[in-house]
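Student: I have the sequence and the model open side by side. Could you take me closely through the part of the fold where the strands pair up, and show me what sits around it?

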Amino acid sequence: MPKGEGPALESETGMGILEEGGCDYRTNHSTGRNLRKTNLAVTICLLLASILAVFIVYLLIDNFRSQQEMCAPDQFLKERESDQLHQPSYAPLKSNKEKPRAHLTAVRQKSMTPMKDSWPALQWEHKLGSAFIKNQMNYTNKFLVIPEAGDYFVYSQVTFRGSTPECGKINQKNRSTKPDYITQVITRVTDRYPEPTQLLTGTKSICEIGSTWFTPIYLGAVFPMQEGDKLMVNVSDISLVDYTKEDKTFFGAFRL
């Protein structure tokens, strides 16, 4: 080795080593940065993929729910129609405002020939004052006519007034005994029976009432009726009927 060349060579060799080592350091540092960037990119991609997957699942669930909601009414209607096919049909019930009903009040009575085997029938007011007929109920010629079949509450009150009779005394003109009682009867006339049918009867004795008296007889009950049935009120003595006020003598029926 020539004199003076040894240190210089060592110096150059050391610089070369330092330069090589620095190059390796820069290379490793650059590689680490690239790796971190790659990992970050992969992480971001995975996160975006997860978000996208969640969004797709949400859309699928929402679409499925929408289809169920759209199909639900049709399914409900089909089930309802199926139930209706297996259930018996019933006619809708009528409200009280639609059911036949009538309330009649007494008027001045005229002398008339009674029906065979029955007492005289009373005549009634069906339009004026508190009297009415509604929903096809009809009043004609002393009869209240039932428009449709069903159960009806039938009622009547007749108030009688007069003076004390001489009970049991024989009338010298016609040799008959003056009756000592008063009677009211609600009668039904129908084509199903050849003769009138007495539905309700009320009787009171008048022998022990005061010298001038009045007394009401009230009748009321539920009966099954058929279309066309006729109702009337018969009394034993039509001359004793009090027709002076609407609340004293009245007659009516209504479907339940």
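Tutor: Happily; here is a walk through the strands, the core beside them and the charged pairs.

A caution to begin with: this is a predicted model. The protein chain holds 1 helix and 11 strands, and the order along the sequence is α-β-β-β-β-β-β-β-β-β-β-β. Of the 256 residues in the protein chain, 27% are buried. Its accessible surface is about 18,200 Å², with 57% of that belonging to carbon and sulfur atoms. Take the contacts between residues at least 6 apart in sequence: 73% of them join residues at least 24 apart. Keep that in mind as we look at who pairs with whom.

Let's start with strand 1, residues 101-106. This strand is mostly covered, with 5 of its 6 residues buried. Strand 1 pairs antiparallel with strand 11 through 5 bridges, and H103 has G252 as its bridge partner there. Strand 1 also pairs with strand 3 (residues 132-134), again in the antiparallel sense, over 3 bridges. In that pairing H103 stands opposite F132. If you click on H103, then, you can look for G252 in strand 11 and for F132 in strand 3. A further antiparallel pairing, of 2 bridges, joins strand 1 to strand 2 (residues 124-125); here T105 stands opposite E125.

Now turn to the open sheet. Here 5 strands line up in the order 4-5-10-7-8, with antiparallel pairing. Strand 4 (138-140) and strand 8 (197-205) are the edges, each pairing on one side only. Averaged over this sheet, neighbouring strands are turned by 20° against each other, direction ignored. Within the sheet, strand 7 and strand 10 run antiparallel and are joined by 6 bridges. One place to look is V189, whose bridge partner in strand 10 is K230.

Next, the core. In general, nonpolar side chains of soluble globular proteins tend to be buried together. The largest nonpolar core in this model has 31 residues, and V154, F160 and L231 touch the most other members. Strand 1, strand 6, strand 7, strand 8, strand 9, strand 10 and strand 11 each give two or more residues to this core. Strand 9 gives the most, with 5 residues. F160 makes a good viewpoint: leaving aside neighbours within four places in sequence, its contacts include I182, T183, W213, F214, T215 and I217. V235, D237, L240 and V241 are also in contact with F160.

That leaves the charged pairs. Side chains of opposite charge can pair when their charged atoms come close, and this structure holds 4 salt bridges. Consider D229 and R188, whose side chains meet at 3.9 Å, N to O. D229 lies in the loop between strand 9 (212-225) and strand 10 (230-235), and R188 is in strand 7 (residues 181-189), so this salt bridge ties together parts that are 41 residues apart in sequence. Are its two partners buried or exposed? D229 has a relative accessible area of 1% and is therefore buried, and R188, at 11%, counts as buried too. The cut-off behind both calls is under 20% relative accessible area. R192 belongs here as well, because R188, R192 and D229 are linked in a network of salt bridges. The side chains of E148 and R255 form another salt bridge, at 2.3 Å, N to O. E148 sits in the loop between strand 5 (143-145) and strand 6 (150-163), whereas R255 is in strand 11 (residues 250-255), and the two are 107 residues apart. E148 counts as buried at 15% relative accessibility, while R255, at 25%, counts as partly exposed. D242 and K248 also meet in a salt bridge, at 3.1 Å, N to O. There D242 is buried, with a relative accessible area of 4%, and K248 counts as partly exposed at 25%.

To draw the threads together, return to strand 11: it is joined to strand 1 by 5 bridges, it gives two or more residues to the largest nonpolar core, and it carries R255, the salt-bridge partner of E148. Strand 7 can be read in a similar way: it is joined to strand 10 by 6 bridges, it contributes two or more residues to the core, and it holds R188, which meets D229 in a salt bridge.

Methods. Residues are numbered from 1 along each chain as its sequence is written. This is a predicted model: local features need pLDDT of at least 70, side-chain atom pairs count only at pLDDT 80 or more; totals for chains, interfaces and linings use all residues. Side-chain values use heavy atoms; hydrogens and water are left out. Helices (H or I, at least four residues) and strands (E, at least two) are DSSP runs, numbered from the N terminus. Buried means under 20% relative accessible area, exposed over 50%, partly exposed in between (1.4 Å probe, protein chains only). Contact means heavy atoms within 4.5 Å. Accessible areas come from the Shrake-Rupley method with a 1.4 Å probe; for residues, only the protein chains shown count as cover. Two strands pair if DSSP finds at least two bridges between them. Axes are lines fitted to C-alpha atoms, for helices over the stretch in contact, and angles run from 0 to 180 degrees between N-to-C directions. A nonpolar core is a set of buried Ala, Val, Leu, Ile, Met, Phe, Trp, Tyr and Cys residues joined through side-chain atoms within 4.5 Å.
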